[in-house]
Amino acid sequence: MNNESMVYLNKVFSDLKVKSCPLMTGIVADSTNFNQQLTFFDGNNSDSGCSCSCDCGCGCNCSCNCNCGGTSPIDGDDDLNYVVESTEVIISDFDLACPSELSACNVTVDGMPVDGLDFFNERYMAGTNNLMSKISDCTCMERGLPTKAYLLICNVGNWNAKLTIAVRGSVFGCGSCRRFKLLMTTKDGYYVNVPGLSTFAASSICLPCTTGGIAPVINFSFHADGTLLNPEITSDPQTGGQCGLRLTGCLITEPIAEVQVTRQTLFRTNAESVNVPCDDIDKCREFPGVCGEDDDFGSATAVRNKCCEEETEPHQDDSGCCCGRNSHSDRNSRRSISCQYNGFNGFNF
């Protein structure tokens with residue numbers, strides 16, 4: 001049995017990350033746009049501590065009926081001094097504030113704009129059908145190799161970001177000192193605005209030639225790395241106490257473009273299709289037909305009759321149609337029929 005089949009799959013020719021220059025913007029994170037969680041630790045810095053948040057239901061102070069390892073808790077007031085020792089910024093979503101403003105003119109290959117630009121599922125897809133006829137390297141084409149080209153994504157911005165800021169340090173007040181960790185995460189529906197334009201350049205992306213009218217597609221999406229400079233924690237004047245803190249600082253974002261070049265490519269595989277009942281099997285049971293009454297292989301009845309000879313075991317006729325069914329003396333009874341053409345195209349009927 002010949003199980004060789006051919007199928008089109010997306011083949012990846014380039015997969016790389018391209019960074020742009022960092023962007024700096026001031027940030028003010030408070031209870032109006034960030035969810036906050038403040039945790040105090042005991043003296044040995046273990047993770048067992050007293051966690052306080054606005055919905056703790058204990059008067060929005062650090063007591064919460066928790067003595068935090070036997071030491072006196074720090075009551076919430078405006079005289080606490082937070083000393084930040086480390087910060088971490090995790091950017092979970094980073095994309096253009098207006099994705100529709102990015103046009104094909106902003107994406108060039110060897111100085112020529114791509115054919116068109118589509119946006120779907122937070123991913124940009126640049127077409128290259130006409131572009132490939134202008135930039136393809138004949139020497140590479142003769143050797144079956146992809147053409148190396150210079151990709152430029154220029155003047156991209158402004159940006160929206162969703163992020164989580166983790167701040168660790170010590171807090172002083174009420175005659176005691178405690179360790180703390182503050183987590184601030186952007187609320188649903190809120191984005192941090194990051195103004196500024198970015199440019200991404202990749203000097204050698206691989207673009208395969210067009211085959212069978214199928215040209216490569218340049219796919220890219222954005223994300224970013226982030227840091228926070230000069231962080232400062234104060235009490236939020238609108239709420240007050242640890243359940244209303246304000247974090248200020250300078251947010252540094254480093255935009256990154258993830259670029260992939262793909263093309264639908266014909267692959268040869270060794271696979272055997274699974275015989276499953278046809279969608280119109282009920283119609284076959286209603287009009288079973290008679291074997292051999294029609295020699296026209298192009299008609300639907302002939303296709304049914306081609307594979308309905310009285311055989312108890314699977315067989316293969318001259319047309320390459322391999323058939324099997326459950327034997328039954330009554331031709332009008334219900335039958336189970338499956339057919340597979342074992343040629344080079346690998347189709348079923």
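1. Met6, Tyr8 and Leu266 make up a nonpolar surface patch whose combined accessible area is about 300 Å²; a patch gathers residues with over 30% relative accessible area and no salt bridge, nonpolar side chains (Val, Leu, Ile, Met, Phe, Trp, Tyr) being joined within 5 Å and like charges within 9 Å. A salt bridge is a side-chain nitrogen of Lys or Arg within 4 Å of a carboxyl oxygen of Asp or Glu, and accessible areas come from the Shrake-Rupley method with a 1.4 Å probe, with only the protein chains shown counting as cover for residues.

2. This is a predicted model, in which local features need pLDDT of at least 70 and side-chain atom pairs count only at pLDDT 80 or more, while totals for chains, interfaces and linings use all residues. Residues are numbered from 1 along each chain as its sequence is written, and side-chain values use heavy atoms, with hydrogens and water left out.

3. Tyr8 belongs to strand β1 (residues 4-19), strands (E, at least two residues) and helices (H or I, at least four) being DSSP runs numbered from the N terminus. Tyr8 counts as partly exposed because its relative accessibility is 47%, where buried means under 20%, exposed over 50% and partly exposed in between (1.4 Å probe, protein chains only).

4. Asp225, in strand β15 (residues 217-235), is likewise partly exposed, at 36% relative accessibility. Leaving aside residues up to four places away in sequence, Asp225 touches Lys19, Ile91, Ile252, Thr253, Glu254 and Ile256, contact meaning heavy atoms within 4.5 Å.

5. An open antiparallel sheet is formed by 4 strands in the order β7-β6-β10-β14, two strands being paired if DSSP finds at least two bridges between them. Since β7 (112-113) and β14 (198-207) stand at the edges with a single partner strand each, one side of each is left without a neighbour in the sheet. Within this sheet, 3 bridges join β6 (residues 107-109) to β10 (residues 147-156), and Val109 has Leu151 as its bridge partner in β10.

6. The count of aromatic pairs comes to 9, rings of Phe, Tyr and Trp (its six-membered ring) pairing if their centres lie within 6.5 Å, with planes under 30 degrees apart called stacked, over 60 edge-to-face and the rest tilted. Phe34 and Tyr190 are edge-to-face because their ring centres lie 6.2 Å apart with planes at 65°. Phe34 is in strand β3 (residues 34-41) and Tyr190 in the loop between β12 (176-186) and β13 (192-194), so the pair ties together parts 156 residues apart in sequence.
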